[in-house]
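Visitor: Please take me through one part of this model closely. I would like to look at the ligand site and the strands beside it in the account.

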Amino acid sequence: MQIREKATPSELAIFGGRPAFEEPLHVGAPNIGDRDRLRERFDDILDRRVLSNGGPYVREFERRIADLAGVRHCIATGNGTLALEIAIRALGLTGEVILPSFTFVATAHALQWQEITPVFCDIDPETCNIDPARVSELITPRTTGIIGVHLWGRPCNTQALVEIARERDLRLLYDASHALGCSHRGRMIGSFGDAEVFSFHATKFINTFEGGAILTKSDELAEKARLMRNFGFVTTDKVSHVGINGKMNEVSAAMGLTSLEDIDRFVGANRAHYHAYREGLAGVPGLRVLPHDDSERCNYQYVVVEVHDDAGLDRDQIVRILTAEGVLARRYFHPGCHRMEPYRSYFPHAALLLPVTERQSARVFSLPTGTSVGAEQVAAICRLLAMAVGHGEELSALLDRQAAPVGPVGIYQPRVA
Ligand code: T4K
């Protein structure tokens, strides 16, 4: 793919130049495994005529995920949000549950959907994960649980959280949507707390088109979650729990199995891009690529850059510049859930208790990575960022004078020929 180098600010697409990348680069473009193998599996599914309701592919996918995480039970679901909702209900959470606001809104919605109050907790500035020191302050007699989110695949402080949960008799659930294939202190994510939940959405490291899973060591919880996933049916005419249709289908599981066979290639591409971004941006003032711990297992699925004052440009200006060039950087996660409805109306003063969330959500962005991106493109993105920051103050003044962007920051406007 042709890349247009930008040597000076006047060549930037945001000022009318041709974009550096004619084909936009996405954060979250799916990783795709071996297509022949996938087609074989699709044919087999059609031949068997078992399309859903816990067929052989779903069962095998569940076994593989459970083995990867080193956990006895995996319950595959139609998506990660359903997995959260079922896990929350199976754990018996009610009243109030403490979670970070700095997450994808599904984490909060999964509670609110069941009329459980999400209580937003601030984050640790270094890990960007829920700050255990703040959790204790938010516990009330109505609190029944804590949800930690391993944001961008970087693990929560599980030691501190489990202590609080034990001491205060709370259930501990993790939203591990970003953290498949990651470890913490040598132990795989998926095996912590009362249960953990993965997402296999198209944008995730391993995808099943849409999909999710609940992992737990508990036989009792697993049994409950399995029943709830299938309307609560114990046998064809006996229902034991309130339930939902939360099942994963066979085609999704086939995609997941095929993706898992290529897991090393996916990690390899992500790891190489992460290191290339770190090296390429190391000398650029005001930009810091957030570290992953190379001594642990890691999927490197999110390359997150933190913007500091000495960049001369703020995060939104950088995202506008990149987007115009066809680099569709994302502001994961801006704004915090507490600034989205209905939470914004329910808790209008929540921001006062979330200063670190407020700061971090205003200064981070994610860059394209994965198997759809090449090393040349990563290097060109680094050069583009270095050039922009090299002219940071000048560019910032020019952008301030420019008419306000039409629509939200970060929405790509394809050029009309
Ligand atoms: N908890 C956490 C912490 C999560 O991050 C998520 C999901 C969940 C829970 C819930 O899990 P699921 O119920 O979704 O399984 C995306 C995803 O939709 C969402 O799954 C994900 N987190 C979140 C971080 O990102 P958007 O609205 O930012 O994605 P979207 O549709 O703009 O896609 C991002 C980019 O990916 C696009 O620029 C294009 C590219 N893309 C996307 C799709 C779907 C492709 O190239 N191909 C595709 O098929 O939410």
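Guide: What follows takes the ligand site, then a strand and its partners, then one helix residue.

This is a predicted model, in which local features need pLDDT of at least 70 and side-chain atom pairs count only at pLDDT 80 or more, while totals for chains, interfaces and linings use all residues. Residues are numbered from 1 along each chain as its sequence is written, and side-chain values use heavy atoms, with hydrogens and water left out.

The ligand has 24 residues around it, of which Thr81, Asp175, His178, Ser199 and Tyr332 come nearest; a residue is near a molecule if one of its heavy atoms lies within 4 Å of it. This shell divides into eight nonpolar, 13 polar and three charged residues. In that division Ala, Val, Leu, Ile, Met, Phe, Trp, Tyr, Cys and Pro count as nonpolar, Asp, Glu, Lys and Arg as charged, and the others, Gly among them, as polar. Helices α3 (80-90) and α4 (106-112) each supply at least two residues of the shell. Helices (H or I, at least four residues) and strands (E, at least two) are DSSP runs, numbered from the N terminus.

Oxygen atoms of the ligand meet polar atoms of the protein. The distance is 2.6 Å to an N or O atom in the side chain of Thr81, and 3.2 Å to a polar backbone atom of Val27. A polar side-chain atom of Tyr332 also lies 2.6 Å from a ligand oxygen. On its own the ligand has 910 Å² of accessible area, and the protein covers 75% of it (Shrake-Rupley method, 1.4 Å probe).

Asp175 belongs to the next element too: strand β6 covers residues 171-175, and four of its five residues are buried (under 20% relative accessible area, 1.4 Å probe, protein chains only). Strand β5 (residues 143-149) pairs with β6 in the parallel sense over five bridges; two strands pair if DSSP finds at least two bridges between them. Tyr174 in β6 is the bridge partner of Gly148. Between these strands the chain passes through helix α6 (residues 158-167), in a right-handed β-α-β crossover. Right-handed here means that, with the strands pointing away from the viewer, the path from the first strand over the helix to the second runs clockwise. Strand β9 (residues 195-199) runs parallel to β6 and is joined to it by three bridges. Asp175 has Val197 in β9 as its bridge partner.

Lastly, Gln360 lies in helix α12 (residues 355-361). Gln360 counts as buried because its relative accessibility is 0%.

Definitions and conventions: Polar contact = N/O pair within 3.5 Å; in protein donor to acceptor, adjacent residues only side chain to side chain. Buried < 20%, exposed > 50% of the residue type's maximum accessible area, 1.4 Å probe, protein only.
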